[in-house]
Number of protein chains: 4
Amino acid sequence: MSLNFISFLNLSKNLGAMASQSRRDLLHEIIFEADTPTGKLFDVVLLLLIILSVFVVMLESVNNFPLKVYDYFHVLEWAFTIIFTIEYILRLYAVRKPMKYALSFFGVIDLLAILPTYISLFLAGSHYLLIIRALRLLRVFRVFKLGQYLNAGNVIMASLKASRSKISVFLFFILLSVMIIGALMYLVEGGTNEGFSSIPKSIYWAIVTLTTVGFGDITPQTGLGQFLSAAVMILGYAVIAVPTGIVSAEFIRGDSGHKMLQNNTQSCRYCGKEGHDDDATYCKYCGEKLDAD
Amino acid sequence: MSLNFISFLNLSKNLGAMASQSRRDLLHEIIFEADTPTGKLFDVVLLLLIILSVFVVMLESVNNFPLKVYDYFHVLEWAFTIIFTIEYILRLYAVRKPMKYALSFFGVIDLLAILPTYISLFLAGSHYLLIIRALRLLRVFRVFKLGQYLNAGNVIMASLKASRSKISVFLFFILLSVMIIGALMYLVEGGTNEGFSSIPKSIYWAIVTLTTVGFGDITPQTGLGQFLSAAVMILGYAVIAVPTGIVSAEFIRGDSGHKMLQNNTQSCRYCGKEGHDDDATYCKYCGEKLDAD
Amino acid sequence: MSLNFISFLNLSKNLGAMASQSRRDLLHEIIFEADTPTGKLFDVVLLLLIILSVFVVMLESVNNFPLKVYDYFHVLEWAFTIIFTIEYILRLYAVRKPMKYALSFFGVIDLLAILPTYISLFLAGSHYLLIIRALRLLRVFRVFKLGQYLNAGNVIMASLKASRSKISVFLFFILLSVMIIGALMYLVEGGTNEGFSSIPKSIYWAIVTLTTVGFGDITPQTGLGQFLSAAVMILGYAVIAVPTGIVSAEFIRGDSGHKMLQNNTQSCRYCGKEGHDDDATYCKYCGEKLDAD
Amino acid sequence: MSLNFISFLNLSKNLGAMASQSRRDLLHEIIFEADTPTGKLFDVVLLLLIILSVFVVMLESVNNFPLKVYDYFHVLEWAFTIIFTIEYILRLYAVRKPMKYALSFFGVIDLLAILPTYISLFLAGSHYLLIIRALRLLRVFRVFKLGQYLNAGNVIMASLKASRSKISVFLFFILLSVMIIGALMYLVEGGTNEGFSSIPKSIYWAIVTLTTVGFGDITPQTGLGQFLSAAVMILGYAVIAVPTGIVSAEFIRGDSGHKMLQNNTQSCRYCGKEGHDDDATYCKYCGEKLDAD
């Protein structure tokens, strides 16, 4: 509590010092960075507001509360939206290149996080899209300097990116497969089974089955249909191994690639280059003899 | 748009030039290849027609439209089929060895993609098999030179092929397991539970359960049945790891095999040693300058 | 057909030759081995009989046929059982150490494959256990010399055996987890939800959920119950990765272990030992200089 | 039986010897260790009591028994609780630093394993939490010296710990995803579908779907909803590969790390090179005899 108060005093002091300092640079430091106490306080408060705001949106959709509570929710929602709108404008003002921020990932998210409330004036129900505010929580890694987690996220993204073309081809095959399976099941079950009343619905069933989700809202009734389904499932058994195998291989490759980089820290006395193998005696770039271990 | 027009002009010009040129070779270039503007235009139009045609087949199976719409669908379906039939005949005409094309993967698909409409004259409902046209979309990789994706597809196929015997043995064991599980469940639940009214049905349930699809259309009701099911599921938990492990190992092996192929084949002029990195200028064993690649 | 006839002639000739030859050795060759035409014919006929017999057991449990058909099934079942009983006795007679065969894997299966019919005389319904005959089909690998598949099966078994202790510990943790999750869900949902009417039933639900089977015959109804379930599922998401990771690692280790053995085929001139590293210049067992290759 | 009797005699003898020996040390040996026959007997009896006690808790929740049986269950439950309470007090008395034990993992479990019975005097139903006693069974590894399994458990824990940050980031993304998917599905299906009556419920559905559990208690009814669901499932198909890939990579890394640790640290007396195999007698680089172990 006292820390927060000191931070508040700092904020006041800082506001006073604005006359002499560049106001925009200070604002930038507070809003965009989390290295100063004021900047960190700002970010922590912001994260709390985001969490609260998301909770309000979620609760608003529940029908169990007395009517009056929804009025409070409504007020809170507008309060959050106004706060986030001011924050968005301040961000645009503080940053040197406003367009660059506005078009960045977080810039777009920040805008999408306030728009639904305004749109809901014209289009009822759209304010539930405010839940996109949750994406603003991604800032948490930056605010609390969770470098380890940021790094982990990057490794995951890199592995997924590296396996992108394989995953795409795989999903393309899956799409073609479920279309053909869907049509077959429609022919077999369509006549007697409400669930397979059209090919798109049968394709929906095929996707539900092949991904092993298996809702059970649509199930084959005829013997032939059940036989076909069993074949599809056993196929899916082997098929589900493919994306896992792809991504696993990528993670392992990523790991060993990483290890390789760390492997040898020797640098050549003459040309200073690094990246020598462990069994190297001479620099592979300039031919200079390397230090013995 | 203007590009398409130019392509059209090219097509006209080309058609005019046919008298002097080999007509079949030109047709081959247009229909089978995608390196010329005309050839690419042909393929793009073809892909669009295929997508449209598949959509029509899917929509035709939906019951929500007014009756008149189905007449349009019917006309469109015949139009697509006639176009694809002409294309198929042209392909047979253009290619040097028609039988080889007719018996190739795409040749068979191309034929299967037109047959159902004609068969539907005698056998109602069979025209839904037209959805097999979707497989013709596999040409998309060739048309747009998506080499990276073609390569990814080959890697996947190679990994699956390499693990074929392991996957087959695994599926054979799974088949035997579900038969025995099915018979046991039939004995336990068969008397009281509608869902386990026969061994084939119980085997269907065992497959649904072991593959973790879990529709829930058939579920054990007795305590013993639920105990057995729980055992089957926990078994399945360990078992689902097997195909994934097989394919993962294959992908990783494939990766390292690939890496090995890229390894540098340079050998030192002086000491003859190999295993140099791609960026090496001097031999790392004796310091001799390496040949410039 | 003619081949079968020749085989039959061979069989007759062989039977005639039995007087001079050891009858039991010949029988052993025919029944246990598949290297002679007669032996192979015997095994193929046997496999077909097993498949037929399993089909009859499965069809017998289906209620759709006219009553008379079940009489045929009954006769067929006894015919198969008598044939397999004679075969079992012949096996005991032909083999040198009957007890060793009787206690071997296939010996036990062969006995279990005939017992249920006899037991069904006293205990109705037990004859459905005849489906265990399906396990006799495992002989198919030996009969058709499917060495590649036998080998694949061994690799899978070896990988599973190597990961046995890890999988066991993992399943032990899973068992403890589902017990605690089950008790918690019973406390939360037990009062109002028919499905969670006892702890064993709730544990059954927990297993269905954690293994991602998700029948949906029992589902949480209260908000708290659904929240807990969601937590269990997300936990299960991370947890399902464990057995897969274990087995994958084992498969990959198995692969590389295999590769290592193949790696270097050099053997020492002096002591003849193998297993040298690729970069070895001297024998690591006796110090003799290795051939430069 | 006779062994148990001898053990009992030993116990009596030991109790007699307590006057001269440190009573607490002996108690410690019996209760905390399993190296002496008495200590092992104590642990085995304890494990059996735990298993029995857990079974009683589970059976007590089943409603099928005659009323009188529940009285027996009640008596048994109090008997177990009193035994475990005495054991807990003895443990506190026997150990040198009682607080350290009380705050250790097993200390906390041991306390939690007796509390619910006492709490149930004030709060009906809470005694079902006694199932937490199952966690006391983790001692089984120590009692039966299942070192191999303890080791396997450590490897699993190490792999999970090493992939903790990646799994956390992954789960964070999953949480954000299911929130947004849930809100979208609420907008699409909320109006007409009972199951999607609020955003939290829709998020519950999204978790059920993305983890491929697929209960089917809530399923999309509209065409758009089914289309969105299919997209979510296919996304989940690629996504489920991520945790598996992470953990697999960790297991494989762990394996190779382990192998590295076993690597021989011997270095040649003459040329000083390392990297010798465990079975090497001579240096593979210069032929010098290596030191015996």
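The exchange below covers the interface of chain D and chain C, the domains of chain A and the salt bridges of a predicted model.

Colleague: How many residues of chain D are in contact with chain C?
Modeller: Contact here means heavy atoms within 4.5 Å. On the side of chain C, 56 residues take part. The number for chain D is 61 residues.

Colleague: What share of the area buried between chain D and chain C do carbon and sulfur atoms give?
Modeller: The buried area is about 5,000 Å². Of this area, the share from carbon and sulfur atoms is 73%.

Colleague: Which element gives the most residues to the side of chain D that touches chain C?
Modeller: Two residue pairs are in polar contact across this interface, both at pLDDT 80 or more. The elements of chain D that give two or more residues to this side include helix H3 (37–60), helix H10 (164–189) and helix H13 (241–262). With eight residues, the one that gives the most is H13(D).

Colleague: By class, how many residues on the side of chain D that touches chain C are nonpolar?
Modeller: The charged class has seven residues and the polar class 13. Between chain D and chain C the count of salt bridges is zero. The nonpolar residues on this side of chain D number 41.

Colleague: What axis relates chain D and chain C?
Modeller: Laying chain D on chain C takes a turn of 90 degrees and a shift of 0.0 Å along the axis. The RMSD is then 0.1 Å. This is therefore the relation of a four-fold axis.

Colleague: What distance separates the centres of domain 1 and domain 2 of chain A?
Modeller: Domain 1 of chain A covers 2–145, and domain 2 covers 161–256. Taken over C-alpha atoms, their centres are separated by 42 Å.

Colleague: How many residues apart in sequence are the parts that A:Arg91 and A:Asp110 tie together?
Modeller: Over all chains, the whole structure has 20 salt bridges. One of them joins the side chains of A:Arg91 and A:Asp110 at 3.8 Å, N to O. A:Arg91 lies in helix H4 (residues 67–94) of chain A and A:Asp110 in helix H6 (residues 105–112), so the parts tied together are apart in sequence by 19 residues.

Key:
Residues are numbered from 1 along each chain as its sequence is written. Chains are lettered from A and ligands numbered from 1 in the order in which they are written. This is a predicted model: local features need pLDDT of at least 70, side-chain atom pairs count only at pLDDT 80 or more; totals for chains, interfaces and linings use all residues. Side-chain values use heavy atoms; hydrogens and water are left out. Buried area is the accessible area (1.4 Å probe) that two parts lose on being put together, summed over both. A salt bridge is a side-chain nitrogen of Lys or Arg within 4 Å of a carboxyl oxygen of Asp or Glu. A polar contact is a pair of N or O atoms within 3.5 Å; within protein, one must be able to donate a hydrogen and the other to accept it, and residues adjacent in sequence count only if both atoms are side-chain atoms. Helices (H or I, at least four residues) and strands (E, at least two) are DSSP runs, numbered from the N terminus. Ala, Val, Leu, Ile, Met, Phe, Trp, Tyr, Cys and Pro count as nonpolar, Asp, Glu, Lys and Arg as charged, and the others, Gly among them, as polar. Copies are superposed by least squares on the C-alpha atoms of residues with pLDDT of at least 70 in both. Domain bounds come from an automatic or database domain assignment.
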